[in-house]
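Here's a quick look at one helix, its charged pairs and its buried side. Have the structure open as you read.

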Amino acid sequence: MLDDEFNRQRAKILRDLAEQADPFIRRRLLLLVERYEPASPPAPNDPQPARPRKRR
């Protein structure tokens, strides 16, 4: 539980820093945010949108 809170706080700090950074640093900071945020699994009842078929 404490780790989750730490990760959320760290991600918020990095996002705040990214808002003030130049484009190169912003991109690097936002990539770092992805490490602190857990990948949320899709909801079980949430259907995936259908992709349009490619015509040949």
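## Helix H1 and its salt bridges

Let's start with a charged residue: at 35% relative accessibility, Glu-5 falls between the buried cut-off of under 20% and the exposed one of over 50%, so it counts as partly exposed. Bear in mind that this is a predicted model.

Glu-5 has a partner, too: its side chain meets that of Arg-8 in a salt bridge. The model has two salt bridges in total, and the other one joins Asp-16 to Lys-12. Here's the pair of them:

| Salt bridge | Closest N to O distance | Separation in H1 |
|---|---|---|
| Glu-5 and Arg-8 | 2.7 Å | three residues |
| Asp-16 and Lys-12 | 3.0 Å | four residues |

Glu-5 and Arg-8 sit about one turn of the helix apart in H1, which runs over residues 2-20. Asp-16 and Lys-12 are likewise about one turn apart in H1. As for Asp-16, its relative accessibility is 32%, so it counts as partly exposed.

How does the length of H1 check out? Its 19 residues should span 27 Å at 1.5 Å a residue, and the end C-alpha atoms are 28 Å apart, which agrees.

Now for the buried side. Ala-11, Leu-14 and Ala-18 are the buried residues of H1. Viewed down the helix axis, they fall within an arc of 65°, so they line one face of H1. Helix H2 (23-36) is part of what covers them. On the face of H1 turned away from that buried side you'll find the exposed residues Leu-2, Arg-8, Glu-19 and Gln-20.

Technical notes:
Residues are numbered from 1 along each chain as its sequence is written. This is a predicted model: local features need pLDDT of at least 70, side-chain atom pairs count only at pLDDT 80 or more; totals for chains, interfaces and linings use all residues. Side-chain values use heavy atoms; hydrogens and water are left out. Helices (H or I, at least four residues) and strands (E, at least two) are DSSP runs, numbered from the N terminus. Buried means under 20% relative accessible area, exposed over 50%, partly exposed in between (1.4 Å probe, protein chains only). The expected span of a helix is 1.5 Å times one less than its number of residues. The arc is that of the directions from the helix axis to the C-beta atoms. Contact means heavy atoms within 4.5 Å.
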